[in-house]
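Please open the structure in a viewer and keep the selection panel at hand. The tour below proceeds stop by stop, stating what to select and what is found there.

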Amino acid sequence: MRESTDGRRLVALLRGAASRSWLAADVLVEETAELRARLADSTVAEATASVVNGTCVRRIDAESVTYRCRAEIGDDVARELARELRREGTEATEHRIRPCRVDGAAAGEVEALVQILDAVDGAARNADDRVLQVVVEAERRRQRVTIATLEGAVAEDRRALLYLTISVVARSGRRLATGVLTPATSGPLEELDAAAAGREAALRATVALEARPAPVRRLPVVVGPGRGAVLVHEACCHPVEGDEVLRGSIYAGRTGRPISSPLVTIVDDPLVPGAAGSILVDDDGLAASPTTVVEDGVLRSFLTDRVSALRLGVVSTGNGRRVGYTHTSLPRMTNTCVRAGSATPAEIIADTRLGIYAQHVGGGEVVESTGDFVFRVTNGFMIENGRVGDPIEDTTVRGNGAVVLRQIDCVGDDVQVGAAKCAKLGQVLPVGVVAPTLRIRSLLVGGTERP
Amino acid sequence: MIVETVRRVVDRAAAAGADAEALAVSTRRHELQVRNGSIELSGELRDERVHLRLTRSGRSAHASGPASGDPRSLVDNALALLPYLPESKPLEPPRPRVGEARKAAWMPAGDAAAATRAATLLTPPDREVEVRTVQEYRKVAYAGSATETAAYENSTASVSVRVTVRGASGEPGHAEREATGPALAKLVARLEPALLAPARERARLLADARPGPLPKLVVLEAPVAARLIAIALESFAADAVAERRSRLSSRLGDRVAGARVSIVDDPLMAGAPLAAPFDDEGVATRRRVLVDHGVVAGYLADRRFAAAVEGSPPGCGWRRGGAAPPRPRAANVLVEAEGEPIAPEAALRIVETYGTHTANPTTGAFSIGAAGVVERGGEHVGVGDLTVAGNVFDLLRELEPGGGEPVWIGAGGGTRICVADVACFGLVVGT
């Protein structure tokens, strides 16, 4: 990548352009190189090399945030944007387009990426001859952000991420079924076991061919490790994001009070090696550090960015994240981590007379003001008399966070790391979900089984 | 300026012995967030990007970068990918339609702020009222080695509202509404009657939700119907058909929906959010019938998949997100169900859904959280804690008109759908 603007110069520019009435301000400069490739029918037929450079200047007042951003980097860009903010209400200045060199993917990365895609495809197709199609979409991103604040702080972070979306379609007769897996790593590419991922995605698709309709009733639900943490992500962590707390989420005003089973401890940890949401510096310029959200069932902290912390009268937890220079930061999760318990997954299943085993979980959604949430079970099984039984079709599971967290009555000892993408107000970010097997006493399973 | 940009890129590719197509997009975007009468966020983006498809020796690759970038490095980035990509049949050069599609609109930020501030002032039993507006003004230019340069301007806008109220029992009730269109001023002018008033009413009903018997007939309000139908639209994409990921593969001429149901995609539809005379591959756009009175009449295709799938001329190649190359997608979709609405008063009206994005586009299976309204004893009663499950293809077959005015909804992924309420039996509702 090209050399970025010096952080100290950015501070000086900001101070030169800012008005005394500004409570706070910052500038973020982004330089990102991204490589995307898509494999289908065992061929990588699409590849894109993308470069994103841009600058965003924010002004933070007691009640509002105003920002200006532009697809250019340079000292004069930051100065012009800051001046626009100072003159807010007038039209933005037209700017000259200045040619600059933009470098794409690092040498060797293209070949490495293609090898990963081929390994996934080969392993998936060899796993089962009912596999009809394997589609793998790969995003390899290297991002450098420089943040400078009016107060004089300067920070820089360099981030790398490989995110795969593997979709396998299996067919038996006229029936189609799918298996989806989203492995990711923020560490070296070799850390990702592509063949194992391909086999796993194929297994999910072929098992789903045998699935029967899921029940429609309230049942105990055992969620598998890793992506099972989507339950916690929706039921607990979105409502404790600082902006949602300000909107009156169900956990507003409840720090220091029990909100969950005492078996549960949840930490937002941006420093998990190789996890999808790992960062060293948040996008407000604060050094990233773990935040204990729930400790033995007691709510300990919200997740805040600079703006929500200011309005809540607390110190920021360093959870300000944004998709890039094109948006302002919001309080976001990094890696949602549930502490291991003492039960083995086998013990938890054996202790469940009738329920659902959500081996793999897809996405979800929450209404922060009421606590109502859903998450999708993509590979599920019935549990009957303490044994995993028939596979069930994709189904949603529904509950209310304030109730459900208290109903977690078993926590496993088998923590796994998973990856997901979290969407909030138009910004999609990678996050880690790190959790063991969990059991919840009662959730509404929304299947299609008719009585 | 972006017209010069695309020509520079194409000329640079020619100097490297390659054919090229370049699409440059200049975007001005403003977002506004107003809550409880105060402006919380106001931000403006100016972005200019150029996207390149480069072909040499039968292989093609894509590159994307800022319009201010050196065209040489953009071309070099694409050339570096070529050795890893297969040879493919050359694509027919597009013939973009030249000329302005529709006059673009821009609402000054101050005017939008003033209108929305007033509308979000709290009145009991309001607890939170939030309005978010996003408007975009885009200039798009296309040039190719074998094609003349073409350009157009377009504006789109969206408004979303979130309302939380306190019910009679003290419990919160929450509702959201959204609308999309070509001009923010028109959406803001109807903010209260079209979005805030219905959201407030629904939030109040849901705050005091009560369990009870539910009718078998389900009416999906327009925004709910739009999001579910958007899932089915993915199966009309020619890449899904060609790659055997679609339940509609080889179904041209087959009945897949009720006889009164028609679905049309038209990037130049009057009153629709998007007005684009050519797609992101430079192909002239046109009205395309996907379902004609229940029968599959065509698919959505870009140039690469048009030849592979019968009934799918190109013109539907659209980018989703900044760097991704164009793929077959819908643009402005009109869903019509002819005839009189069937007894909506005796139905469970689904007014809020959660988790629609998790539905399976290949099989069509969906299972989502929901909240609804029923009529009991002459009054409307909210019903919460629901799940609704089924299959979007069964929904299309069973679909009947449910009343109400059609509205434009941004259903996600850039697809805009215009639909009224729809009614159907056969969905499985869990409580």
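**Chain A as a whole**

Begin by selecting chain A of this predicted model. Among its contacts with a separation of 6 or more, 72% join residues that are 24 or more positions apart. The secondary structure of chain A consists of 9 helices and 22 strands. Along the principal axes, its C-alpha trace spans about 70 × 55 × 35 Å. The radius of gyration of chain A is 23 Å, which agrees with the value near 22 Å that a compact globule of 451 residues would have.

Now display the surface of chain A. About 16000 Å² is exposed, and carbon and sulfur atoms supply 49% of this area. Of the 451 residues, 64% are buried. If the charged side chains are coloured, 55 positive and 60 negative ones appear in chain A, and the centres of the two sets lie 4 Å apart.

**A buried proline in chain A**

Select P215(A), in the loop between α4 (194-208) and β8 (216-223) of chain A. Is P215(A) buried or exposed? Its relative accessible area is 4%, below the 20% limit, and therefore it counts as buried. Show its surroundings next: leaving aside residues up to four places away in sequence, P215(A) touches I356(A), M382(A), I392(A), V445(A), G446(A), G447(A) and E449(A). Add E393(A) to the selection as well; it is 178 residues from P215(A) along the chain, yet the two C-alpha atoms are separated by 9.5 Å.

**Chain B as a whole**

Move to chain B, which has 9 helices and 21 strands. Its C-alpha atoms fill a box of roughly 75 × 50 × 35 Å along the principal axes. For 431 residues a compact globule would have a radius of gyration near 22 Å, and the 23 Å of chain B agrees with this. Buried residues make up 61% of chain B. The accessible surface of chain B is about 15500 Å², with 51% belonging to carbon and sulfur atoms. Chain B carries 52 positive and 53 negative charges, whose mean positions are 3 Å apart.

**The nonpolar cores**

In soluble globular proteins, nonpolar side chains tend to be buried together. Where should one look here? The largest nonpolar core has 66 residues; L220(B), L228(B), L233(B), F236(B), I263(B), I350(B) and V419(B) have the most contacts inside it. Select helix α6 (residues 222-233) of chain B, which contributes the largest share of this core, 10 residues.

Centre the view on L233(B). Apart from residues up to four places away in sequence, L233(B) touches I263(B), L290(B), L300(B), A330(B), V333(B), T415(B) and I417(B). A second, separate core has 57 residues, including L189(A), A18(B), V75(B) and A141(B).

**Backbone details in chain B**

Most residues other than glycine have a negative phi, and most peptide bonds are trans. Select P124(B) and P125(B): the peptide bond from the former to the latter is cis, with omega near 5°. P125(B) is placed in the loop between α3 (109-119) and β4 (126-144) of chain B.

Finally, select the loop between α7 (238-242) and β8 (261-265) of chain B, where R244(B) lies. R244(B), although not a glycine, has a positive phi of about 65°. This residue is partly exposed, with a relative accessible area of 31%. S250(B) lies in the loop between α7 and β8 too; its phi is positive, about 60°, and it is not a glycine either. At 72% relative accessibility, S250(B) counts as exposed.

Definitions and conventions
Residues are numbered from 1 along each chain as its sequence is written. Chains are lettered from A and ligands numbered from 1 in the order in which they are written. This is a predicted model: local features need pLDDT of at least 70, side-chain atom pairs count only at pLDDT 80 or more; totals for chains, interfaces and linings use all residues. Side-chain values use heavy atoms; hydrogens and water are left out. A nonpolar core is a set of buried Ala, Val, Leu, Ile, Met, Phe, Trp, Tyr and Cys residues joined through side-chain atoms within 4.5 Å. Buried means under 20% relative accessible area, exposed over 50%, partly exposed in between (1.4 Å probe, protein chains only). Helices (H or I, at least four residues) and strands (E, at least two) are DSSP runs, numbered from the N terminus. Contact means heavy atoms within 4.5 Å. The radius of gyration is taken over C-alpha atoms; the globule rule is 2.2 Å times the number of residues to the power 0.38. Accessible areas come from the Shrake-Rupley method with a 1.4 Å probe; for residues, only the protein chains shown count as cover. Lys and Arg count as positive and Asp and Glu as negative; His and the chain ends are not counted. The place of a charge is taken as NZ of Lys, CZ of Arg, CG of Asp or CD of Glu.
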